[in-house]
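The following exercises guide a reader through the structure shown below. Each task is followed by a worked solution.

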Amino acid sequence: MQVQGLHLPPAPPRVRPFVPSDLHLTLAFLGAVQESEARNAWLLITRFPSFRRVEGSFERVKPLGHPTKPSALSAIVARGADALSEMILEARAPLLESAGARPDERPPLPHMTLARVQRRANAAERREALRWAEGLDVSRASFAVASVALYTWSADRQQRLFELVERQELAR
């Protein structure tokens with residue numbers, strides 16, 4: 001995924017911004033499944049007719065996760081949301097089922113997580129994280145999704161959170 005015009009100020013304590021190579025839009029979060037199960041889901045990736053390149057923009061940053069202790073600080077997609085929602089609706093259930101993961105019945109919410117609030121953040125640090133996120137202006141940023149990918153956790157999470165396993169380029 002290519003992101004243009006996104007500039008984040010230094011984050012407060014207990015907030016971990018994603019490095020550029022970790023930025024992505026999630027179609028289906030498989031969770032804690034075995035590698036073989038994730039690869040089973042990946043075998044389906046070329047079967048979804050709605051998958052295509054998408055260009056878009058963001059409207060705002062929203063905290064996601066637990067209502068009182070959000071963990072993800074995410075840029076909500078504006079332009080491109082309909083196409084991405086269509087892709088999520090088409091692919092999420094079959095991918096999760098193929099991987100043996102829990103179903104996800106929530107409505108699609110195309111977003112890109114920019115940073116995570118660390119679990120050990122206290123209440124004051126969480127409030128500061130939310131103030132920081134609220135002050136982020138993502139309206140000038142744009143993105144281009146040209147591929148879908150399968151990620152796993154990085155072996156060295158101090159450098160980056162995710163490691164690319166597989167990638168499939170999207171048709172125009």
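**Exercise 1. Determine how the lining of the second largest pocket divides into nonpolar, polar and charged residues.**

Solution. The model is predicted, and the pocket is read from its atoms. Begin with the residues that line the second largest pocket: Met1, Val3, Leu6, His7, Leu8, Phe18, Val19, Pro20, Leu23 and Leu114. Next, sort these residues by class: 9 are nonpolar, 1 is polar and none is charged. Finally, consider the volume: the second largest pocket holds about 160 Å³ of space.

**Exercise 2. State which helices and strands the chain contains, in sequence order.**

Solution. First count the elements: there are 3 helices and 8 strands in the chain. Then place them along the sequence, which gives the pattern β-β-α-β-β-α-β-α-β-β-β.

**Exercise 3. Establish the strand order of the open sheet and explain why β1 and β2 stand at its edges.**

Solution. The open sheet has 6 strands in the order β1-β6-β3-β4-β5-β2, and their pairing is antiparallel. In this order β1 (2–4) and β2 (15–17) each have a single partner strand, so one side of each remains without a neighbour in the sheet. On average, neighbouring strands of the sheet are turned by 35 degrees against each other, direction ignored.

**Exercise 4. Follow the sheet from β1 to β2 and identify the bridges that join its strands.**

Solution.

1. β1 and β6 run antiparallel and are joined by 3 bridges. Within this pair, Val3 has Phe143 of β6 as its bridge partner. Val3 also belongs to the lining of the second largest pocket.
2. β6 is joined to β3 by 4 bridges, again antiparallel. Here Val54 is partnered with Val145 in β6, and Gly56 stands opposite Phe143. Phe143 therefore serves as a bridge partner on the β1 side, to Val3, and faces Gly56 on the β3 side, with pairing as DSSP finds it.
3. Between β3 and β4 there are 7 bridges, and these strands run antiparallel. One of the facing pairs is Leu64 with Ala72 in β4. β3 and β4 form a hairpin, with 4 residues between them.
4. At the other end of the order, β2 is joined by 3 bridges to β5 (residues 111–117), in an antiparallel arrangement. In this pair, Pro17 stands opposite Ala115 of β5.

**Exercise 5. Identify the strands touched by helix α2 and those across which helix α3 lies.**

Solution. Take helix α2 first. This helix, residues 81–99, packs on the sheet and touches β3 (54–65), β4 (70–77) and β6 (142–145). The direction of α2 makes about 70 degrees with that of β3. Now turn to helix α3, residues 123–134, which lies across β2, β3, β4 and β5. Helix α3 runs at about 5 degrees to β4.

**Exercise 6. Decide what the radius of gyration of the chain says when set against that of a compact globule.**

Solution. For 172 residues, a compact globule would have a radius of gyration near 16 Å. The chain has 16 Å, so its value agrees with that of such a globule. As a further step, take the extent of the C-alpha trace along its principal axes, which is about 45 × 35 × 30 Å.

Note on methods
Residues numbered from 1 in each chain as written. Predicted model: local features only at pLDDT ≥ 70, side-chain atom pairs only at ≥ 80, totals over all residues. Heavy atoms only, no water. Pairing = 2+ DSSP bridges. Helix = DSSP H or I, 4+ residues; strand = E, 2+ residues; numbered from the N terminus. Axes fitted to C-alpha atoms, helices over the stretch in contact; angles between N-to-C directions. Contact = heavy atoms within 4.5 Å. 1 Å grid on protein atoms, 1.4 Å probe; cavity = no way out; pocket = protein on both sides within 12 Å on 5 of 7 lines; lining within 4 Å. Points joined across faces, edges and corners; volume = space filled by probe spheres on them. Nonpolar A, V, L, I, M, F, W, Y, C, P; charged D, E, K, R; others polar. Rg over C-alpha atoms; globule rule 2.2 N^0.38 Å.
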